[in-house]
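Thanks, everyone, for making the time this morning. I would like to walk through one structure with you, beginning with its cysteines and then moving on to a helix.

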Amino acid sequence: MRVISAAKMQHGSMVVALALIFSVGSAALACPICGQPTITLPERLARADVALLVEWVSAKPAKDAAAESTTYEVVQAHRDGTGKFQVGESVTVGQLTPGKAGNLFLLMGQKDDKLGIKWEIGPALAVTETSYQYIIQAPSPEAPAEKRLAYFVKFLEFPDLTIANDAFSQFVNAPTKDIAAVAGKLPRERIRNWLADPNTPVTRQSGYGLMLGLCGGPDEARFLERQIANIDPERQIGIEGVMFGYLLLAGEQGLAVIEKAYLANPRASDDKVYPAYQATRYYWSYGNGKISRPRLQKAMRNLLDQQTYSELAIITLAEWKDWSLHERLMQLYGSRSQSESSTKTTIIKYMIASTKDVAKDERELPAHAVAGRKCLDELRERDPKLVAATEKYFFLK
C-alpha cells in the first residue's frame with residue numbers, strides 16, 4: 001500500500017483552486033514558491049505616522065476595572081506626525097508588552113481623530129540598536145525594486161534573527177522579475193553554502209534555490225542536481241524552488257532529468273513528484289526560455305498516467321492550451337469508476353474549455369474546438385446529469 005505523503009495531501013487544495021478556472025490569471029505580486037508573504041518591518045514603519053524608539057519601563061496587566069498598559073521612555077522620535085513626543089518623556093499605551101528595564105522597542109501607530117494615536121495592535125516590536133538601524137535605513141517600499149532588494153541582499157542570514165527573517169521576507173514578497181533584476185548582486189557562493197547547510201531554516205530552501213538558479217552557472221546546476229537527488233527526507237519542504245532553479249540553469253537537459261526521475265516515474269515518492277510538478281508549472285510562467293513550451297507540455301503529460309496527479313495535469317494542460325488530449329482523456333474517462341466523478345468533471349471542463357478557445361474574428365471553428373464539441377456530445381449521452389451540472393457552474397476567466 002502506498003503511503004500518502006504530506007505533498008499529496010497539500011496538492012488537493014491546489015486542485016480545488018485551479019479547477020475554478022482553466023486560464024492563466026494575472027501574475028502573482030509575490031514569488032509563489034519562495035514562501036508565505038508577510039508584512040515586513042520597513043512596510044510597518046512606512047504605514048506609521050508615529051514611530052518611537054523607546055525603552056521599557058513597566059507593564060501592568062489588566063486587573064478589575066483597570067485595563068492593561070505598558071509605560072516606556074522615549075529614546076528617539078524617528079517619526080512624529082503629531083509633534084507631541086520628546087526624548088526622555090514617558091509614554092503609556094493600553095497594551096501589554098512584557099520586558100525588562102532598558103529593553104528597546106519600536107512603538108508605531110497612526111493618527112486617529114478619536115484616539116489621537118492608534119497604536120499597533122499587540123505587543124510593541126522588540127529591537128536592538130542594530131535592528132532599529134536596519135529598519136529605519138531600509139529603502140521605502142515605493143523605491144525601485146532593484147534598489148530595495150539590493151539593500152536587503154546584504155542582510156540575508158544576518159546573525160540577528162529579526163533582521164535575517166525580515167530580509168528574506170523581502171524576497172518572498174517580491175515578484176520573480178524583481179529578484180532577477182538583482183541577480184548580479186546575489187552572493188552565489190554564500191547561497192550554495194546556505195543550501196548545503198542543514199542549519200539553514202528549511203523554509204528558505206525554495207527561495208535560495210530560485211536565487212541560485214538566477215545567479216548561478218554550470219557548477220551551480222550540477223550542485224542543485226545533487227541537492228535534489230540527495231535531499232535529506234526531513235528537508236523536503238521547498239525542494240520545488242531548488243528544482244526550479246535547476247531548470248533555469250540546466251534547461252531541457254535538466255527537465256529530462258526531472259521528467260525521468262519524477263514526472264514519468266510511477267514509483268517516485270510524492271515528496272518529489274509534486275514539487276517537480278510545481279517547478280515545471282512555475283517555469284511555464286517565470287522561466288528564462290531555455291525550455292520550450294511544447295517541451296514543458298510534453299513533460300506535464302506524463303502525470304496523466306498517475307492517478308494521484310492526473311487532475312492536476314489536466315487542469316494545468318488546459319491552462320496551457322494543450323488541446324491534443326481529447327482522445328486520451330476520453331479513454332481516461334472510460335477507465336474511471338462512477339466514484340471518481342471528480343476526475344470525470346475535470347475532463348468535462350477540459351472539453352468545454354477547448355470549445356471556448358476560439359478567436360473572436362475566427363470564421364471557422366479550429367480543429368480543437370470541433371473535437372471538444374464532439375467529445376462533449378458523446379459525454380452528454382453517457383453522463384447527462386454530470387455534464388449538465390458541470391456546464392452550469394463552469395466559468396472561464
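Let me start with Cys31 and Cys34, which form a disulfide in which the two sulfur atoms lie 2.2 Å apart. Please keep in mind throughout that what you see is a predicted model. For anyone who would like a reminder, a disulfide is a covalent bond that joins the sulfur atoms of two cysteines. Which hand does the disulfide of Cys31 and Cys34 have? The torsion about its S-S bond is about 70°, and therefore the disulfide is right-handed. As for their surroundings, Cys31 is buried, and Cys34 is buried as well.

When the whole structure is searched, one disulfide is found, so it is fair to ask about Cys215, whose closest cysteine sulfur is the one in Cys34: at 13 Å, that sulfur is too far away for a bond, given that a disulfide needs the pair within 2.5 Å. Cys215 has a relative accessibility of 14% and counts as buried, because the cut-off for buried is under 20%. Cys375, with 9% relative accessibility, likewise counts as buried.

Now to the helix, H13, which runs over residues 310-319. How many of the ten residues of H13 are buried? Ten of the ten are, and so the helix is largely enclosed by the rest of the structure. Among these buried residues are Leu312, Ile314, Ile315 and Leu317, and the list also includes Glu311 and Glu319, together with Ser310 and Thr316. After H13 comes Lys321, which has a positive phi, near 55°.

Definitions and conventions:
Residues numbered from 1 in each chain as written. Predicted model: local features only at pLDDT ≥ 70, side-chain atom pairs only at ≥ 80, totals over all residues. Heavy atoms only, no water. Buried < 20%, exposed > 50% of the residue type's maximum accessible area, 1.4 Å probe, protein only. Helix = DSSP H or I, 4+ residues; strand = E, 2+ residues; numbered from the N terminus.
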